[in-house]
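Biologist: Could you take one part of this model and walk me through it closely? I'd like a single connected account, please.

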Amino acid sequence: MNVGNLIAVCFLSREVAHREHLRTDSYAAHKALEEFYTGIVPLADALAEACMGRHKAVIKDIPYLAPEGKPDIISQL
């Protein structure tokens, strides 16, 4: 997997986690998912910037991904 695809998976995981956060009736899951979806984008951004700095090149291909079938946070993660 290249770094652009990894970043895309992180972004998709954030989206699926945020939706599940709003759907769950479990307070523990609600809070855990909130921590995940608020934390994953800064981590993905730091990874992308570190890779760009290391290779002195912009990541030009970060695909837009969509979940296959009905998104499920467990299978997504």
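Modeller: Sure, let's start with a yardstick: the expected span of a helix is 1.5 Å times one less than its number of residues. This is a predicted model, and the part I'd pick is helix H2, residues 27–55. With 29 residues at 1.5 Å a residue, H2 should span 42 Å, and its end C-alpha atoms are 42 Å apart, so the two agree. H2 does have a kink of about 30 degrees, though, at Ile40, shortly before the proline Pro42.

Ile40 also turns up among the buried residues of H2, along with Leu33, Tyr37, Ala44 and Ala48. What covers them includes helix H1 (3–23) and helix H3 (73–76).

Now for the two ends. Ahead of H2, the loop between H1 and H2 holds Thr24. A polar atom of the Thr24 side chain lies 3.1 Å from the backbone nitrogen of Ser26. Leaving aside residues up to four places away in sequence, Thr24 touches Ala29 and His30. At the other end, just after H2, Lys56 takes a positive phi of about 50 degrees.

Stepping back to the whole chain, there are three helices and zero strands. The C-alpha trace spans about 45 × 25 × 15 Å along its principal axes. Of the 77 residues, 25% are buried. Take contacts between residues at least 6 apart in sequence, and 70% of them join residues at least 24 apart. As for the surface, the chain exposes about 5600 Å², with carbon and sulfur atoms supplying 58% of it.

Terms used: Residues are numbered from 1 along each chain as its sequence is written. This is a predicted model: local features need pLDDT of at least 70, side-chain atom pairs count only at pLDDT 80 or more; totals for chains, interfaces and linings use all residues. Side-chain values use heavy atoms; hydrogens and water are left out. Helices (H or I, at least four residues) and strands (E, at least two) are DSSP runs, numbered from the N terminus. The bend at a residue is the angle between axes fitted to the seven residues ending there and the seven starting there. Buried means under 20% relative accessible area, exposed over 50%, partly exposed in between (1.4 Å probe, protein chains only). Contact means heavy atoms within 4.5 Å. A polar contact is a pair of N or O atoms within 3.5 Å; within protein, one must be able to donate a hydrogen and the other to accept it, and residues adjacent in sequence count only if both atoms are side-chain atoms. Accessible areas come from the Shrake-Rupley method with a 1.4 Å probe; for residues, only the protein chains shown count as cover.
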